[in-house]
Amino acid sequence: MQNNNQKKVAIELININKSYQKGSNKVVVHDNFNLSIAKGEFVALMGPSGLGKSTLLNLIGGLDLPTSGSVIIDNQRIDTLSEGKLSTWRAENIGFVFQSHHLLPVLTAQGNVELPLLLTALNSKQRKQHASLALRLVGMEERAKHLPKELSGGQEQRVAIARAIVSDPKIILCDEPTGNLDRKTADEILTLLTTLNKYFGKTIVMVTHDLRASEYASRVINLEKYIHDSKQNQLSAVEVNS
Amino acid sequence: MVQLINRSLAKVKQAMGLATINLKSFPHRAIASSVSILSIACVAAVILSVLAMTQGMVKTLEKTGLDDTLIVMRAGAISELQSVMFPAEVNILANHAQVLKNNDNQAMVSAEMFVNAQMLYLDKAGETHIEKLALRGISKGTYRFRPHFKMAAGVKFKTGIRQVIIGQAIARKIPELTVGSTITLGGAQWFVSGIFSDNNSVFESELWADIGMIQSDYQRGNTIQSVRLALKKNTDITALNKEWQDDPRLNLRIMYEKQFFASQAEDLTRLIRWVGFPVAFIMALGAMVAALNTMYATIASRSKEIATHKAIGFSGVAICFSILFEALLIALVGGLLGILPLYFIFDGWTASTQDANNLSQMLFNFELTVGLMMQTLLFSISIGLLGGILPAIKAMSLPVTVALRDN
Ligand SMILES: Nc1ncnc2c1ncn2[C@@H]1O[C@H](COP(=O)(O)OP(=O)(O)O)[C@@H](O)[C@H]1O
Ligand SMILES: [Mg+2]
């Protein structure tokens, strides 16, 4: 039973402390934070800005390291990996989607989506095929030859999603992916993410302010409340013990 | 081991991929990079000019002088100009058993006189021009010591009258001087009887005339300045030198002609390098700082892009190399921009310099060899790489999370 449960866990943050040194001040962003996300979950992470949502995504994706605590993805501890190993691991396991698409302006949609495949063993023909497939998945196959500046905001975000999924990572991390989009386009993107979650089994963690995210996500975490509740639980646990 | 190679290959592939993308976006940044491109171009141009100039000079001077020939001057004289010798001395030298004799049983000796002369000539408009030139008085025996000497036009001067022949380098520089024209030397009119060539040696920058005429026109009595001697093959030069140094009637400086011109070439190249290379070095430092600045600016403006690459999974090393690649590209463009115009404009150009010793002009060609151009290009590339290292390291350690913030 225990074993079975462990297999299903995709992401585990254990006793995370994260603080920044700002001049002589220490800014504590996370204090003894714990979170567990199962495989196949689509988690919407909500809450006011400055609470540390992006920091959590960066920790999960290995872009940032905790001050203390452990980050375990797929039963592998990643916060102790070397810089080089971490980037290889990231290339294989994580797809990022940001609020701004961060597509390279000089590359076509196709070129942008092919980029992560440079980190794989695929040859150039295979890279083309994989990228085309990813573009088809997000409904952008007809715009493959277009440069980012020739696309609308929603289309750019679709290409960015194609880039995130092209090397078939198990986990997709989205930081306010619909923050720059109008309602209709935002709905399209959220639907696309839902599809990736439901039909392709991707575990998705999405930071968002979008109140309608709950209609798409399988679990909504209100970070402020979540932190508050877990503090209470810890306190009562301490009281029970003493 | 295989794994290590595979991993290295993967890194190379990453770096190449990023480099290709850099290449695509480079034209957009070319304007921003133009300051460093131009400064590297200037450095390349200066360095190549210095190299080509010295190379051309060395080539010219190296062609001058025969292997079996001794040049003899007054002891202590650095150049022919400062030397004075008397006919009695010449006789002692010429009668030595080790000196070669010609078919008429006469010693193969060339007595020469060297004057730093002012030449006046008229241009087509009838205006008078003054040029400082080397005027050499030569004797019949002199031609033996100039195996490459050829009349390019006209005929040799006649002895006993005021006739000169002029070196081809001068004729090229001053088109007014042709066979049959008249020039003024030492206040008297001289007739140009011909133009000679000498395999591009330094002599092509001289005027030659009868030594007797020059001795009288320039009030030198019967003194001469230098003597050239052809030696028998088996001559022990050290012994000969000792014999003449010990002779109380002689007070002379003896050296191989080749050596003499080689040491002059050395002096001249040293002079040019002492002036040229410090200038080039300071400019190179400037260019390096410019490249450094450009690359820092590039990284600042592309920090989001670099961070995105990292988020995708590109390694810091690959990113570092892609920045170095860009610095290299800037240096390459700059280097070529400095070198190619020189190549198209200056190759084969004649430059002139004041000879440090005899203060007359020496004309020589720029020698733009492929080797020198490669040397310059390599130097330019090193400037770029040196300027790119710090920015590349900075890019490698760029904090991704900060760069990716949207606000
Ligand atoms: N590199 C950093 N240096 C200093 N402070 C930082 C850094 N990154 C984030 N922070 C601080 O951490 C807190 C959480 O930031 P973030 O995770 O971006 O919040 P959110 O995404 O919830 O708006 C903020 O107060 C922010 O100022
Ligand atoms: Mg955020």
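This is a short tour of a predicted model, going from chain A to a ligand site and then to one residue of chain B.

Before you start, note that residues are numbered from 1 along each chain as its sequence is written, and that chains are lettered from A and ligands numbered from 1 in the order in which they are written. Because the model is predicted, local features need pLDDT of at least 70 and side-chain atom pairs count only at pLDDT 80 or more, while totals for chains, interfaces and linings use all residues, and side-chain values use heavy atoms, with hydrogens and water left out.

**Select chain A**

Shown as a cartoon, chain A has 8 helices and 9 strands, where helices (H or I, at least four residues) and strands (E, at least two) are DSSP runs numbered from the N terminus. Its C-alpha trace spans about 65 × 45 × 40 Å along the principal axes. Of the 242 residues in chain A, 50% are buried, meaning that they have under 20% relative accessible area, with a 1.4 Å probe and protein chains only.

**Select ligand 1 and its surroundings**

Next, display the residues near ligand 1, which are those with a heavy atom within 4 Å of it. From chain A, this shell includes A:Tyr20, A:Lys22, A:Gly52 and A:Ser54, and B:Val402 and B:Arg405 are also among its residues. The site is shared between chains, because residues from chains A and B surround ligand 1. Strand E1 (9-22) and helix H2 (53-60) of chain A each supply at least two residues of the shell, and H2(A) gives the most, with 3 residues.

Now zoom in on the polar contacts, which are pairs of N or O atoms within 3.5 Å; within protein, one must be able to donate a hydrogen and the other to accept it, and residues adjacent in sequence count only if both atoms are side-chain atoms. An N or O atom in the side chain of A:Ser54 is 2.7 Å from an oxygen atom of ligand 1, and a backbone N or O atom of A:Gly52 is 3.0 Å from an oxygen atom of the ligand. In the side chain of A:Tyr20, an N or O atom lies 3.3 Å from a nitrogen atom of ligand 1.

**Select B:Thr142**

Finally, move to chain B, where B:Thr142 sits in the loop between strand E3 (128-138) and strand E4 (150-154). B:Thr142 counts as buried because its relative accessibility is 0%. Leaving aside residues up to four places away in sequence, B:Thr142 touches B:Ser110, B:Ala111 and B:Glu112, where contact means heavy atoms within 4.5 Å.
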